[in-house]
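Please work through the exercises below with the sequence and the model side by side, trying each task before reading its solution.

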Amino acid sequence: MPRPHFFALLAPLAVAALVALGLVPAMAAAASSTLTLNAIADTYVSSSSPNRNSGGATSLAVSQNSNHALLRFDVSLPDGSSVTNVTLMVYSKSAVNGRVIVHPSSNDWGESTVTFANQPAWQPAELSRSGVLPAGGYVSATLPVTSVPVSGPVSYGLSTTGVTGSLASRETANPPLLLITYSATPPPPPTEIPTPPIASVSPVVENVGFSGSGDVTDDSVIWADPANPANSVVIADKKASSGGGIGVFGMDGKLIQFRAEGMIGNVDLRAGFPLSGIPTVLVGANNRTNNTLGLWSLNTESRTLSGAAARSIPTFAPNYGFCMYHSRVSGKFYAFVTPYEGGGSIQQFELFDNGAGLVDAKLVRTLSISSITESCVADDDLGYLYVGQEDVAIWKYGAEPDSGDGRVAVDTVGAGHLVADIEGMSMAYGPDGTGYLFASSQGDSTIAVYERAGSNAYVKSVRVVANGSIDEVTGSDGIDVTSLNAGPQFEQGVMVVHDHPNTGGSTSNLKYVPLSAVVQMTPPPAPPGPVTSFTASPTTGTAPLPVSFTDTSTGAPASWAWDFGDGGTSAEQNPSHTYTAAGTYTARLTATNSEGSTSATATITVNPPAPPAPVASFAASPTTGTAPLPVSFTDTSTGAPTSWAWNFGDGVTSTEQNPSHTYTAAGTYTARLTATNSGGSTSATSTITVSPPAPPASGITARSSTTTNTSTATATVALAAPAGRTAGDVLVASFTADQNPTVAVPAGWTAIVNGLSIASSSTAGAKVFAYYRVVGASDPGTYTWTLSKAVKWGGGITAYTGVNTTTPLDSAVATAVNTSYTATSITVPGITTASNGAMLIGGLGFDSSNPAATPPTGWTERWEATGGQIAEQADRTQATAGAAGTATWTFSTAKAVGAWRTALKPAS
């Protein structure tokens, strides 16, 4: 039954005591009055008992998600009243370290009939928060004056900041109270608070930007590595219509990976997305090329992206912006896509695992918007969506798919702190709902900062100014912020801002600003998550090895993701798994609950069963021929050998499974293979017959050589003529030049390779050059090549006699390059000669001044230049026209290397 107004029962001294304690606001002077109302209806609903009505309960259970309280008051103020203050007071029965959150609510519920199942749609928007809940005392929350009508009922929903509290209901002596201070005449205008001046902040890093030109880098998102902050990355779009895509940058601004994906718009990410049961960092974007959702998973160890979309997921066309949301109400993940055209709709998609380890989506909500809209950001903890309508305002919506289309303006263009266009937005999270909302004001190249809580009060604006060689931000567009440790220089967080044009660059780029230079804040505490542990039995044995896994995790995990290390997975709590192959495996369990996930590992060692000895056999092709005779050996042994020992019968051996070997001298050789495994070894043999080469049709000989190098950078290569060279000789010159210069081919010389690049950078790597010429009657004593820049180099010339001066080359040119700096050999593909007695010639160059190189077996080294850049030239006569096998140079130290080969044609 209805109870009398609570304050009508209090003595004046009791009221004064509450005022003194700050629990009840003091009466306004003169024209102000305060009305104190008891709740006319209250109850709570619980997801654990969805059909239970608790309208007569004396306690109201409240928590973050599972228990919500509903209160209703009947307001009746004098006509013409202006409300100046609204305070809600609730009585806490027990002390908990949490606060009551007040939400708007529909009046469409009855105290004696409402349940969790039939309650009106829950509105996650936050009106206010109380102080920490005490034991046996009232707490208060100041509400917006617009939250109450002058006359009629008003309802509120109550939740908490994550704990479960117990509040007294209206059926007790301490009912919920609503205190409304009002004035019969309009209140005086509020005192105008001066806008603080725009502060200057300095970037400490700028990224290298993408290749190309123009404003191609637009938006970015930061992933802060919780385990190794220095491993954090910035993921950015390349919104170019040609060559567009998405890139990953380190906190030093250097590019780690680029994926060509089309014209990518805005990017965002959320950690903890369950992909095949494993928490994954999911990165998303809108693709403007084909108007789809782009989805990738981030490998947190290699810091690279892999495609994660289950299919081509269409959006409306044309799409423009993108952001993501992780609901604390349902645990689901969502993506929002904004429209390029006025009169379009904002689309909300639910993202989910399609059951095959890929991400699919379904449309769950649309919001109409009247003009071009790009940026958006969602507050996962408080449940809000912020949308930047470029020339109008920042709008605040509920982020849940059932939140409807209600919205409020946070700030406006022109009248507020923003100059069109409103571009990127981001959120910096603090503890207990604190933190800041950031918005890029492109028209004046500033960043506006607002409170994250409450009605998003404006705090300040900042401008990113130049710092040394890093230029200022102009035309600010995309922005992202994190309050988490993002590594050296960014231990208190980082703000990443788009800049176009980037002074000194051909494309737009990103500036990294320490967040501590913008705002001072405490990052949110890491979620507790479960503490993962498990046992495995046995952990060693012989294949096939069945292993039983038992979860021993604490912290109430709700799901389990097992990776057994051999490609097998399971979502059971206590699975069994059989390892069928020998090896050392790392079994990993990731345990997850609503607060997060952690992992634990164990090593499983599987030994192979002792096999029988293998039966050695092999094929050789060809088994007869003329020296030099290249032979390919193919292992055909059975019984699973694990090692191979070849003896080719000419003193050369190999441990490869399928080697190749060239017999350089005539003879009959016995090739032997010994195949071995843990059960023993057996051998097999084959006879190889090598005939002597036919005499050359005519003789080509090397007359003499010269070589030169310089470790001092010069802009010319000067090579002295070989001693004794005469008219009609053919000269073959080659050299290696540092730092990738270009060379104009001098008159009289024909290029064999004109700049074989060992690396692509203009400041690192080297190029290999090779040329030939026919000596004339008045050739100079020194031959000179002009380089495009001064560099170190090394090279030489060999003079050959007996070469066809009309058509000196007898084959095509073959090349090989290895730029990994890990090669200790390089093999140049085979060539085919047209003439008997052709001279095989070739050479190589290192991006280094050492070490020496060893030419292919059977070749004669004519010269080698060291000290400036390594260059080497060698040759070998091929008696009979036809295929010449591959040629392999070896060297003792791993290098980046380029090599070439061709053949000289005999004169007759």
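**Exercise 1.** State how much space lies in the largest cavity of this predicted model, and say which residues line the largest cavity.

*Solution.* The largest cavity holds about 30 Å³ of space, and the count of cavities of 30 Å³ or more comes to one. Its lining is made up of L70, P104, S105, Q119, P120, A121, W122 and Q123. Sorted by class, this lining has five nonpolar and three polar residues, with no charged residues.

**Exercise 2.** Classify the aromatic pair of F534 and F549 from its ring geometry, then decide whether each of the two residues is buried or exposed.

*Solution.* The structure holds 30 aromatic pairs. In the pair of F534 and F549 the ring centres are 6.2 Å apart and the planes stand at 55°, so the pair is tilted, since only angles under 30 degrees count as stacked and those over 60 as edge-to-face. F534 belongs to strand β38 and F549 to strand β40, 15 residues apart, and the pair thus links distant parts of the chain. Because buried means under 20% relative accessible area, F534 at 13% is buried, and F549 at 1% is buried as well. F549 also forms a tilted pair with F564, at 5.2 Å centre to centre and 35° between the planes.

**Exercise 3.** Find which residues of strand β46 lie on its covered face, and name the strand with which β46 pairs.

*Solution.* The covered face carries F618 and A620, whereas A619 and S621 lie on the uncovered one. Strand β46 pairs with β48 in the antiparallel sense over four bridges, and A620 stands opposite F633 in β48.

Conventions. Residues numbered from 1 in each chain as written. Predicted model: local features only at pLDDT ≥ 70, side-chain atom pairs only at ≥ 80, totals over all residues. Heavy atoms only, no water. Buried < 20%, exposed > 50% of the residue type's maximum accessible area, 1.4 Å probe, protein only. Helix = DSSP H or I, 4+ residues; strand = E, 2+ residues; numbered from the N terminus. Pairing = 2+ DSSP bridges. 1 Å grid on protein atoms, 1.4 Å probe; cavity = no way out; pocket = protein on both sides within 12 Å on 5 of 7 lines; lining within 4 Å. Points joined across faces, edges and corners; volume = space filled by probe spheres on them. Nonpolar A, V, L, I, M, F, W, Y, C, P; charged D, E, K, R; others polar. Phe/Tyr/Trp six-rings, centres within 6.5 Å; stacked < 30°, edge-to-face > 60°.
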